[in-house]
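Work through the exercises below with the structure open beside you, and try each task before you read its solution.

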Amino acid sequence: MRAGLALSVAAMLIGGCGEAATTAKPSAAATAPISQPQPFNSQPHPFNLFTHCGILTTYFAGRTFYLAELYPARVPVMDPGRPEVPGIMTLLSPHVATFVDHAGNRVLFVDQLPGALNTPYPFAVRVMSGGNQIGDEQFAGRRWHTAETLPGVAGPPFGNGQDRSTSVGGTFTIIDAENGVFRSYAGAVLHFSALPPAGCD
């Protein structure tokens with residue numbers, strides 16, 4: 001008798017649990033919608049592009065964008081008399097933005113460092129006037145510096161100002177985000193390091 005009673009109680013408990021499981025409402029966590037990535041805002045925004053030191057990077061949409069053009073010298077000078085150029089910035093995709101000034105000049109930006117690794121790009125370094133110091137170079141969204149020199153190559157003598165230089169052609173290879181190598185056509189090698197972003201005078 002006791003064994004039969006125990007079996008009946010157990011059956012009732014199991015039945016009650018099963019019913020409770022099927023009638024319980026889902027938790028709030030279970031019914032919360034799965035968060036989806038927010039679509040990028042492709043609306044144009046008024047924007048002032050800082051150009052005083054040359055265009056390498058800009059800050060937009062909460063992150064840093066890099067000049068997509070590997071050779072900054074190819075980007076048209078918009079207004080050399082102004083440190084900032086007003087215009088419109090627009091996200092073309094989640095990772096690409098474009099700036100257009102009021103004259104219609106267009107500059108493309110990407111949110112990752114441009115340039116392929118271990119690819120030799122045509123390049124020229126400048127040996128500064130009055131010695132053999134190599135000038136800092138802008139390339140692939142970064143400003144590059146070396147303390148090394150090219151054997152037997154000197155810059156022009158000081159003249160009217162100190163902005164003259166001797167150009168030496170070769171190739172530049174990006175090794176990683178912070179290191180690059182220049183090889184002159186004569187076979188000389190210079191090791192460059194990327195400088196951290198900084199302001200200028």
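**Exercise 1. Find out how many aromatic pairs the structure holds, and describe the one formed by Phe123 and Phe172.**

Solution. Begin with the whole structure, which is a predicted model: a search through it finds 11 aromatic pairs. Next, take the pair of Phe123 and Phe172, whose rings are 5.1 Å apart from centre to centre, with 45° between their planes. To classify this pair, recall that planes under 30 degrees apart count as stacked and those over 60 as edge-to-face, while the rest count as tilted; the pair of Phe123 and Phe172 is accordingly tilted. Then place the two residues in the chain: Phe123 belongs to strand β7 and Phe172 to strand β10, and the pair links distant parts of the chain, 49 residues apart. Finally, consider the surroundings, and note that Phe123 and Phe172 are both buried. Both residues also belong to a cluster linked by ring pairs, which includes Tyr71, Tyr121 and Trp144 as well.

**Exercise 2. Determine the order of the strands in the open sheet of 6 strands, and say which are the edge strands.**

Solution. Reading across the sheet, the order is β7-β10-β11-β12-β9-β8, and the pairing is antiparallel. The strands at the edges are β7, residues 120-128, and β8, residues 137-139, each of which pairs on one side only. From one strand to the next, the twist averages 40°. For a closer look at one pairing, follow strand β10 (residues 165-176) and strand β11 (residues 179-184), which run antiparallel and are joined by 6 bridges. Within this pairing, Gly170 has Ser184 in β11 as its bridge partner.

**Exercise 3. Which residues of the largest nonpolar core touch the most other members, and which strand supplies the largest share of this core?**

Solution. The largest nonpolar core has 18 residues, and those that touch the most other members are Val125, Phe139, Leu150, Phe172, Phe182 and Phe192. Turning to the strands, β7, β10 and β12 (189-194) each supply at least two residues of this core, and the largest share, 4 residues, comes from β7. Now look at Phe182 in detail: leaving aside residues up to four places away in sequence, its contacts include Phe123, Val125, Val168, Phe172, Leu190 and Phe192. A second core, separate from the largest one, has 15 residues, among them Phe60, Val85, Ala97 and Val107. As a general background to such cores, nonpolar side chains tend to be buried together in soluble globular proteins.

Definitions and conventions: Residues are numbered from 1 along each chain as its sequence is written. This is a predicted model: local features need pLDDT of at least 70, side-chain atom pairs count only at pLDDT 80 or more; totals for chains, interfaces and linings use all residues. Side-chain values use heavy atoms; hydrogens and water are left out. Two strands pair if DSSP finds at least two bridges between them. Axes are lines fitted to C-alpha atoms, for helices over the stretch in contact, and angles run from 0 to 180 degrees between N-to-C directions. A nonpolar core is a set of buried Ala, Val, Leu, Ile, Met, Phe, Trp, Tyr and Cys residues joined through side-chain atoms within 4.5 Å. Buried means under 20% relative accessible area, exposed over 50%, partly exposed in between (1.4 Å probe, protein chains only). Contact means heavy atoms within 4.5 Å. Rings of Phe, Tyr and Trp (its six-membered ring) pair if their centres lie within 6.5 Å; planes under 30 degrees apart count as stacked, over 60 as edge-to-face and the rest as tilted.
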